[in-house]
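Good morning, and thank you for coming. I would like to walk you through one structure, beginning with how its helices pack and then turning to its aromatic rings and a few single residues.

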Amino acid sequence: MSLPDLAARSRAVVWHPCTQMQDHEWLPLVPVAKAEGVWLETPDGQRILDAVSSWWTNIFGHRHPVIVDHLKRQLDTLDHVLLAGFTHEPVVSLSEKLVAMTPEGLSRCFYADNGSAAVEVALKMSFHYWRNIGRPEKQRFVTLSNSYHGETLGALAVGDTGMYRDTYAPLMLTPITVPSPDCSLMQPHGRQPGEGWEDYSRRRFSDTLAVLEARAAEICAVIVEPLVQCAGGMRMYHPIYLELLRKACSRLDIHLIVDEIATGFGRTGQMFACEWANIAPDFMCLSKGLTGGTLPLAVTLTTETVYDAFYDDYRSGKAFLHSHSYTGNPLACATALGTLAVFESCDWLSINRGLGQLMWTQTARLRQHPHVAEVRQQGMILAVEMAKAPSRREPFPAEERRGLRAYQYALEQGVLLRPLGNTLYLMPPFVISPREIERLCEVLIAAVDVACAP
Ligand code: PMP
């Protein structure tokens, strides 16, 4: 099959996600035939370094032998069975491991098959919990500006990324939005030059606290992406915000939902980002890295307190009657067990510290670049924010599509970058070698030059 053939066939029948399909009249679709480690390979043998871990899922690279082995072995015994009324070894073992490795107090696992659905589960459980314990007036969710929690209507509703949300606003529940603690200098009313991340995050928290104190009686939960608002442009904040938020939520009887779908499994330098603040949420949503990017799977973990509020005589009507056909799929759970086995095989957090340090030093030149407002990093996420006039905090207009220029250039160089507007970022698989990081950073620097040229 030749390349143009596959791309043309795809355009004829596949509606590609998050895409203005008309772009593909001039922007070629990239067919991928194989993948191994950090490399994707086209049918004609061109290799592309997957610098974004295929939408942040592929933490141990493609087709990691341990994960593949777990999947193959599972295929020989049990493919799928419904999880209502039935159970199986992979889902039990996985749940035991997740409960053991996540913050103290999270003791129950509810499965779905994508991140958005895991968020929906957390929202519904929180709302339903308050009803079950006789506080039905608690119905509102609090979210941070610039947050992203997925695309289904509930998850989209508690997000604040206008590009994805605005069109569907009439269909949605309305959350209470508080200002993000995002410490980026490009945020319009953000951190002042000289103001540290911690001070700024504390200052932002005081706004949140005022809202929580005034409206606690009607709020079920606050939902946050811990430390990094990924889809919102890899905007980052200080863990003090999470620490203060946890204390306030406990004091005011409000749930804390931590969406670790993008940040979980070592991405930020701890196994889970909320460990930077040493906090335990009431709900934790996980997906993406859970199966190492091999199969779709998501889980919402919660506490015994929440679980107990649903545990009653059938006739009480308190059960959580939510289901997905593929919930707890054995193949996906076995794959997740493979991912956890890779984690257990060596000290990935320490390996990542070294790799993260190298990403930082190799991108030093960008910190002097006249069109770079900021280079920021949290663990294995490094983001470069381009701006028309960084000193005036003036972004490049969105319609100039500077990020797209960077994408096209990098692809010609054999690197997959997928910018978020004016923000280019690296979020590579943890199996990337130092030499590959050097190459990646070379291409990133050149891509910034190309994207910022007049
Ligand atoms: N929450 C966060 C923080 C995410 O980054 C994403 C996906 N980018 C989601 C939720 C939604 O996950 P999914 O795409 O699997 O529905």
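Before the first helix pair, one definition is needed: a helix axis here is a line fitted to the C-alpha atoms over the stretch in contact, and angles run from 0 to 180 degrees between N-to-C directions. Please also keep in mind that this is a predicted model.

With that in place, let us consider helix α13, residues 402-412, and helix α14, residues 434-452. Their axes come within 8 Å and cross at roughly 135°. Angles over 145 degrees would count as roughly antiparallel, and 65 to 115 as roughly perpendicular. The two helices, α13 and α14, are therefore oblique to each other. The crossing of α13 past α14 is right-handed.

Which residues make this contact between α13 and α14? On the α13 side they are R402, R405, A406, Y409 and A410. On the α14 side they are V443, A446, A447, V450, A451 and C452. Sorted by character, the residues of this contact of α13 with α14 comprise nine nonpolar and two charged, with no polar ones.

Helix α14 has a further partner, helix α12. Here the axes of α12 and α14 are 9 Å apart, and the packing angle is about 35°. Once again the crossing is described from the partner's side: α12 passes α14 in a right-handed manner. From α12, the contact draws on L355, L358, M359 and Q362. From α14, it draws on P434, I437, E438, C441 and I445. The contact of α12 with α14 divides into seven nonpolar residues, one polar and one charged.

Following α12 in the chain, we may look at T363, which sits in the loop between α12 and β13, the latter being residues 372-378. Is T363 buried or exposed? Its relative accessibility is 0%, so T363 counts as buried. Leaving aside residues up to four places away in sequence, T363 touches V375, L382, C441, L444 and I445. Two of these names, C441 and I445, have already appeared on the α14 side of the contact with α12.

I now turn to the aromatic rings. The structure holds 13 aromatic pairs. One of them joins F60 and W348: the ring centres are 4.9 Å apart, the planes stand at 50°, and the pair is tilted. Why does this pair tie together separate parts of the chain? F60 lies in the loop between α2 and α3, whereas W348 belongs to helix α12, residues 348-362, so the pair links parts that are 288 residues apart in sequence. F60 and W348 are both buried.

A second example is the pair of Y129 and W130. Their ring centres lie 4.8 Å apart with the planes at 85°, so this pair is edge-to-face. Y129 and W130 are likewise both buried.

Ring pairs also build a cluster, which links F60, F265, F272, F343, W348 and F430. The tilted pair of F60 and W348 thus reappears among its members.

Finally, two residues deserve mention for their backbone. W56, found in helix α2, has a phi near 75°, a positive value in a residue other than glycine. W56 is buried, with a relative accessible area of 8%. D253 also has a positive phi, near 60°, and is not glycine either. D253 lies in the loop between α9 and β10. At 38% relative accessibility, D253 counts as partly exposed.

Thank you for your attention.

Definitions and conventions: Residues numbered from 1 in each chain as written. Predicted model: local features only at pLDDT ≥ 70, side-chain atom pairs only at ≥ 80, totals over all residues. Heavy atoms only, no water. Helix = DSSP H or I, 4+ residues; strand = E, 2+ residues; numbered from the N terminus. Parallel < 35°, antiparallel > 145°, perpendicular 65-115°, else oblique. Left-handed = near helix turned anticlockwise from the far one by under 90°. Contact = heavy atoms within 4.5 Å. Nonpolar A, V, L, I, M, F, W, Y, C, P; charged D, E, K, R; others polar. Phe/Tyr/Trp six-rings, centres within 6.5 Å; stacked < 30°, edge-to-face > 60°. Buried < 20%, exposed > 50% of the residue type's maximum accessible area, 1.4 Å probe, protein only.
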